Amino acid sequence: MITLIAAVTAGVIAHFKFSEKKQNYRNLAESMKREVAMYECRAQEYGREKTENEEQAKDIFLQAIEKIIEDGYRKSREVETAEQSIAESKV
């Protein structure tokens, strides 16, 4: 009986965390699209007045994309870790 309750509770928690994961991926995609648009338009830190040449702008862009991806992975792991700890505490 306790196992059944724990399984149902874990399922419900996983369902609600799904929407949190989806939101996290959506934010990740929007951040990347924003960075690509700024790079293509040479806006903000990619502007010609802030970068010496195309290579420097490209390096800044790649670093920004890597940071966005790392932040996205970190947030996903946080959600999964929280989900697992809640499920384990119910058992």
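**Exercise 1. The chain as a whole**

What percentage of the 91 residues of the protein chain count as buried? Work that out, then describe the fold and the surface.

*Solution.* Keep in mind that this is a predicted model.

- Step 1: start with burial. In this chain, 22% of the 91 residues count as buried.
- Step 2: list the secondary structure. You'll find two helices and zero strands. Helix α1 covers residues 2–41, and helix α2 covers residues 54–90.
- Step 3: look at the outside. The chain exposes about 7000 Å², and carbon and sulfur atoms supply 57% of that area.
- Step 4: check how far the contacts reach. Take contacts between residues at least 6 apart in sequence: 57% of them join residues at least 24 apart.

**Exercise 2. Finding the core**

Pick out the residues of the largest nonpolar core and say which helix gives the most to it.

*Solution.*

- Step 1: collect the members. The largest nonpolar core has seven residues, namely Met38, Tyr39, Tyr46, Ala57, Phe61, Ala64 and Ile65.
- Step 2: assign them to helices. Both α1 and α2 supply at least two residues each to this core, and α2 gives the most, with four.
- Step 3: set this against the usual picture. In soluble globular proteins, nonpolar side chains tend to be buried together.
- Step 4: follow one member outward. Ile65, part of this core, touches Met32 and Glu35 once residues up to four places away in sequence are left out.

**Exercise 3. A nonpolar patch on the outside**

Locate the nonpolar surface patch that includes Leu4, and decide whether Leu4 is buried or exposed.

*Solution.*

- Step 1: name the patch. Met1, Leu4, Ile5, Val8 and Val12 make up a nonpolar patch on the surface.
- Step 2: add the area. Together these residues have about 530 Å² of accessible area.
- Step 3: zoom in on Leu4, which sits in helix α1. Leu4 counts as exposed because its relative accessibility is 55%, and the cut-off for exposed is over 50%.

**Exercise 4. The loop between the helices**

Go through the loop between α1 and α2: look for positive phi angles at Arg42 and Gln44, then see what Thr51 does.

*Solution.*

- Step 1: check the backbone. Arg42, in the loop between α1 and α2, has a phi near 55°, a positive value in a residue other than glycine. Gln44, also placed in that loop, isn't a glycine either, yet its phi is positive at about 50°.
- Step 2: check the cover on Gln44. With a relative accessible area of 47%, Gln44 is partly exposed.
- Step 3: move on to Thr51, another residue of the loop. Thr51 counts as buried because its relative accessibility is 9%, and buried means under 20%.
- Step 4: see what surrounds Thr51. A polar atom of its side chain lies 3.0 Å from the backbone oxygen of Gly47. Leaving aside neighbours within four places in sequence, Thr51 is in contact with Glu45, Tyr46, Gln56, Ala57 and Ile60.

**Exercise 5. Ile60 against the loop**

Which residues does Ile60 touch, not counting those up to four places away in sequence?

*Solution.*

- Step 1: place Ile60. It lies in helix α2.
- Step 2: list the partners. Ile60 touches Glu45, Tyr46 and Thr51.
- Step 3: compare sequence and space for one pair. Ile60 and Glu45 are 15 residues apart in sequence, and their C-alpha atoms are 8.0 Å apart.
- Step 4: classify the burial. Ile60 has a relative accessible area of 24%, so it is partly exposed.

Terms used: Residues numbered from 1 in each chain as written. Predicted model: local features only at pLDDT ≥ 70, side-chain atom pairs only at ≥ 80, totals over all residues. Heavy atoms only, no water. Buried < 20%, exposed > 50% of the residue type's maximum accessible area, 1.4 Å probe, protein only. Contact = heavy atoms within 4.5 Å. Patch = residues over 30% accessible without salt bridge, like charges linked within 9 Å, V, L, I, M, F, W, Y side chains within 5 Å. Areas by Shrake-Rupley, 256 points an atom, 1.4 Å probe, with all protein chains shown as cover. Salt bridge = Lys/Arg side-chain N within 4 Å of Asp/Glu carboxyl O. Polar contact = N/O pair within 3.5 Å; in protein donor to acceptor, adjacent residues only side chain to side chain. Core = buried A, V, L, I, M, F, W, Y, C linked by side-chain atoms within 4.5 Å.
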